[in-house]
Amino acid sequence: MRLFLCFFFMIIFSATAYDPLDPSGNVTIKWDIMSWTADGYVATVTMNNFQVYRHIQNPGWTLGWTWAKKEVIWSMVGAQTTEQGDCSKFKGNVPHCCKKTPTVVDLLPGVPYNQQFSNCCKGGVIGAWGQDPSAAVSQFQISAGLAGTTNKTVKLPKNFTLLGPGPGYTCGPAKIVPSTVFLTTDKRRKTQALMTWNVTCTYSQFLARKHPSCCVSFSSFYNDTITPCPSCACGCENKKSCVKADSKILTMKGLNTPKKDNTPLLQCTHHMCPVRVHWHVKTNYKDYWRVKIAITNFNYRMNHTLWTLAVQHPNLNNVTQVFSFDYKPVSPYGSINDTGMFFGTKFYNDLLMEAGPSGNVQSEVLLQKDQKTFTFKQGWAFPRKVYFNGDECMLPPPDSYPFLPNSAQGSFASLSLTILLLLFITIW
């Protein structure tokens, strides 16, 4: 019965793709038909990433669908299909793509101007909404043929798929919504699309991979013990192909070039995670306390552009200063402010390099104490949840956290008693 319930809840969580720290996060794909053609329409396709701390990194998004009838793509601006398909029945003008199930990717930066469209040509990289809303969008234009030419004869595409860049996204059916309204550049006139439909895609870490992609380690000033990441926290499938930090292989040319299938080349560690987040409780002041956060990349074939780190801790409701990262609070439930997002400062440390001497970023965080709740006992100073690039990291088991030594607890108690005695003597 327990096994059945566990399996049942795994299916539920996978299906709903619910993230408790970002409950409304999704990628919305909007099709706006802007004009009719002799045998179809011209549409603007907009992908909005409404996920607070999950972005789409290199090698970028891949969008697919199935045409409802025998539609073809005459042309595209700002994107392209990966295959043309069989267009042998066409004479004269040959379509851009004749496949029943086209697969579309973004264009790379630097393409000729006549191939560009607004918010295109970023190699498929889309920023997180919470990090930079202006970068959380991608667009392209598509001219569809052999399609309907009115709102009643157009058939919506189906079976949408989204890779971002790997698996994990599940897309719902296309739904007709009120037509998008546009404002002219002089802001004196409104126009609207001839027809609009939306597709909503949600992410599930269960579908993306069977193991976590990151882990967390802890340390503190009050205990010499360093709590490491759990062994094989991210699975040990790559243990046989990992590379030692002092290996001569690291001097080979092309070592950092990514593979087409994104196979990692990991540094040999006991946890075998591509990324480790270390949380160090550094200093204790009268009214404040200081934490040092370090993120280390152990993958020699991948760097992380526009990385994000989401952390849940009760004292994040009173962050005084973040020294080397940018920071934004994340409050999915309004009144509860215990989650924050750290990310790199633009042009300074927003790129986490491949494994090696430069493959890390770090910052210190100063937090103000709430004397009613603050304590170093029972692991309170360590985070409850940690997400790197939107994927939850594996934390050490609670019983292994650096504990407050009995001598420290005794000294705090003695100090309090001494203060009370001095006050009593003074009053007496």
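**Disulfides, one by one**

Let's start with a link between Cys-232 and Cys-236. The angle about its S-S bond is -90°, which makes this link left-handed. One thing to keep in mind throughout: this is a predicted model.

Stay with that pair for a moment. The sulfur atoms of Cys-232 and Cys-236 sit 1.8 Å apart, and the two residues form a disulfide. Are these two cysteines buried or exposed? Neither label fits. Cys-232 has a relative accessible area of 36%, so this residue is partly exposed. Cys-236 comes in at 28%, so this one counts as partly exposed too.

How many disulfides does the structure hold? Eight. I will walk through some of them, and then look at a cysteine that has no such bond.

Next pair. Cys-242 is joined to Cys-268 by a disulfide, with 2.0 Å from S to S. Here the angle about the S-S bond is 95°, and the link is right-handed. Where do the two ends lie? Cys-242 is in the loop between E15 and E16, and Cys-268 is in the loop between E15 and E16 as well. The two are 26 residues apart, and the pair links distant parts of the chain.

Now look at accessibility for this pair. Cys-242 has a relative accessible area of 16%, and the cut-off for buried is under 20%, so Cys-242 is buried. Cys-268 has 29%, so this end is partly exposed.

On to Cys-215 and Cys-229. These two form a disulfide, with their sulfur atoms 2.2 Å apart. The link is right-handed, with 85° about the S-S bond. What does this pair tie together? Cys-215 lies in strand E14, residues 214-220. Cys-229 lies in the loop between strand E15, residues 223-227, and strand E16, residues 275-284. So the bond ties together parts that are 14 residues apart in sequence. Both Cys-215 and Cys-229 are buried.

Let me put the handedness side by side. Cys-232 with Cys-236 is left-handed. Cys-242 with Cys-268 is right-handed. Cys-215 with Cys-229 is right-handed.

Back to accessibility, and to Cys-242 at 16%. Cys-268, its partner, is at 29%. Now for the cysteine without a bond. Cys-97 is in no disulfide. Which cysteine sulfur is nearest to Cys-97? That of Cys-98, at 6.6 Å. A disulfide needs the sulfur atoms within 2.5 Å, so that distance does not qualify. As for its surroundings, Cys-97 has 1% relative accessibility, so this residue counts as buried.

Methods. Residues are numbered from 1 along each chain as its sequence is written. This is a predicted model: local features need pLDDT of at least 70, side-chain atom pairs count only at pLDDT 80 or more; totals for chains, interfaces and linings use all residues. Side-chain values use heavy atoms; hydrogens and water are left out. Helices (H or I, at least four residues) and strands (E, at least two) are DSSP runs, numbered from the N terminus. Buried means under 20% relative accessible area, exposed over 50%, partly exposed in between (1.4 Å probe, protein chains only).
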